[in-house]
Amino acid sequence: MEEDMFCYIHEGGQLVKCVGGSVQYQGGRSESMVVSRHMSHSDFVSKLCDALHFDQNSIKLEFTVKFEPSCLLPLHDDAALLKMYDSECKGASMASIGSDISPSSKAGVRSMYYNRVSLSYVTSNPSLGEDKPSFFSIRAYISFIKPDQTMWYRACKTCNKKVTDAIGFGYWCEGCQKNDDECSLRYIMVVKDSDASGEAWLSLFNEQAERIFVCSADELNKLKSQEGEENLFQQKLKEAIWVPHLFRISVAQHEYTNEKRQKITARAVVPVDYAAESRLLLEEISKMKTSQ
Ligand SMILES: [Zn+2]
């Protein structure tokens with residue numbers, strides 16, 4: 001079963017019923033976030049507020065379910081969060097694959113499979129993500145990991161922000177305004193991603209890289225520092241490539257020395273679910289039939 005859920009979060013607009021009965025969220029702004037099944041309501045709220053810069057005390061969360069997209073349900077506790085998760089994820093993959101689920105209010109949800117494209121579709125459309133990031137899903141392999149790149153940063157154990165060497169001893173966190181004896185490493189790196197259509201550089205953050213390497217940045221760093229007969233660090237990198245993954249990606253434009261460049265970032269990584277892949281393929285085939 002899928003452990004992660006991709007959510008759209010809408011703020012400032014309203015749900016509007018359209019001709020034909022579909023429901024759309026209009027106005028305001030939309031953001032995205034990945035929610036884990038095991039997340040508590042308070043973790044969910046603080047992750048959401050951190051990511052979107054909301055004040056925890058001033059938000060009221062509601063969610064919609066697929067079968068009744070015009071109805072808003074209160075998202076106020078752990079039970080409601082689980083309800084949101086289950087209504088979207090339990091046996092729902094057929095309905096959600098490739099279908100256009102109406103955007104919903106506050107914490108709406110879309111499946112990992114929504115907007116499946118090939119890598120070449122992304123790389124051959126340089127205007128994607130011009131105004132705001134676009135989101136897609138791709139099925140791809142990591143084909144190359146540059147071994148000599150910086151793969152992590154030293155992070156504050158409390159807030160995950162970057163720390164610097166403190167005067168004397170330990171680490172200084174600007175965010176927390178305090179010194180700590182210890183810090184932890186968090187991944188931030190790029191890898192080359194490939195599918196049958198082409199390849200592209202993909203940025204990974206800690207959560208996604210941990211899934212790909214199946215070990216933490218601290219552990220990988222330890223392996224790197226152990227030089228021996230068998231190089232376990234190189235081995236870990238080797239094991240991470242040519243494994244199929246389903247990626248949820250964001251595509252945005254970044255200005256780099258006065259030149260606009262496409263930046264592709266992994267927002268979620270899950271193993272390939274072959275049953276769901278087959279259903280997606282069948283759906284594509286039936287679309288071809290009806291368009292003929
Ligand atoms: Zn901190």
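**Figure 1. Asp-165 meets Tyr-171 in a small sheet of the predicted model.** Tyr-171, in S11, is the bridge partner of Asp-165. The two strands involved are S10 and S11, the latter spanning residues 171-173. They pair in the antiparallel sense, over 3 bridges. The open sheet here has 3 strands, in the order S10-S11-S12. Its pairing is antiparallel. S10 (163-165) and S12 (178-180) stand at the edges. Each has a single partner strand, so one side of each is left without a neighbour in the sheet. From one strand to the next, the twist averages 35°.

**Figure 2. Asn-160 sits in the loop that leads into S10.** The loop lies between S9 (152-155) and S10. What is the phi of Asn-160? Phi is near 70°, a positive value in a residue other than glycine. Most residues other than glycine have a negative phi. Asn-160 has 15 C-beta neighbours inside 10 Å, so this residue counts as partly exposed. A residue needs 20 or more such neighbours to be buried.

**Figure 3. S15 pairs with S8 and with S16.** S15 covers residues 244-256, and S8 covers residues 134-144. These two strands run antiparallel, joined by 8 bridges. S16 (residues 259-271) is joined to S15 by 12 bridges, again in antiparallel fashion. One residue of S15 shows both pairings. Ser-250 is the bridge partner of Phe-135. Ser-250 also stands opposite Thr-265 in S16. Strands of a sheet pair through backbone hydrogen bonds.

**Figure 4. A hairpin links S15 and S16.** There are 2 residues between the strands. Thr-257 lies in the turn, with a positive phi of about 40°. At the other end of S15, the loop from H7 holds Trp-242. Phi of Trp-242 is also positive, near 60°. Is Trp-242 buried or exposed? Trp-242 counts as exposed, because 10 C-beta neighbours lie inside 10 Å, and the cut-off for exposed is 12 or fewer.

**Figure 5. Helix H5 keeps its buried residues on one side.** H5 spans residues 206-213. Gln-208, Ala-209, Ile-212 and Phe-213 are buried. Why do they lie on the same side of H5? They cover an arc of only 120° around the axis, which puts them there. An α-helix has 3.6 residues a turn, so residues three or four places apart point the same way. Several elements cover the buried residues of H5. Among them are the strands S8, S13 (184-195), S14 (198-205) and S16. Helices H6 (217-225) and H7 (232-240) are also included. Val-214 follows H5, and its phi is positive, near 50°.

**Figure 6. Ile-212 is one of the best-connected members of the largest nonpolar core.** This core has 43 residues. Leu-204, Ile-212, Phe-247 and Ile-249 touch the most other members. S1 (residues 4-11) gives the most to this core, with 5 residues. At least three residues come from each of domain 1 (4-110) and domain 2 (119-154 + 185-291). Which residues does Ile-212 contact, leaving aside its neighbours within four places in sequence? They are Ile-142, Leu-204, Ala-240 and Val-269. A second, separate core has 5 residues. Ala-155, Cys-156, Cys-173 and Cys-183 are among them.

**Figure 7. Val-45 and Cys-71 are each seen with a residue from elsewhere in the sequence.** Val-45 is in H1 (residues 41-52). Ile-59 is 14 residues away from Val-45 in sequence. Their C-alpha atoms are 9.2 Å apart in space. Val-45 is partly exposed, with 18 other C-beta atoms within 10 Å. Cys-71 belongs to S6 (residues 68-74). Leu-15 lies 56 residues from Cys-71 in sequence. In space, C-alpha to C-alpha, they are 9.2 Å apart. Cys-71 is partly exposed, with 14 other C-beta atoms within 10 Å.

**Figure 8. The whole protein sets these views in context.** Its secondary structure comes to 8 helices and 16 strands. Of the 292 residues, 26% count as buried. Among contacts with a separation of 6 or more, residues 24 or more positions apart account for 59%.

Definitions and conventions. Residues numbered from 1 in each chain as written. Predicted model: local features only at pLDDT ≥ 70, side-chain atom pairs only at ≥ 80, totals over all residues. Helix = DSSP H or I, 4+ residues; strand = E, 2+ residues; numbered from the N terminus. Contact = placed C-beta atoms within 7 Å. Pairing = 2+ DSSP bridges. Arc of directions from axis to C-beta. Axes fitted to C-alpha atoms, helices over the stretch in contact; angles between N-to-C directions. Core = buried A, V, L, I, M, F, W, Y, C linked by C-beta atoms within 7 Å. Domains from an automatic or database assignment.
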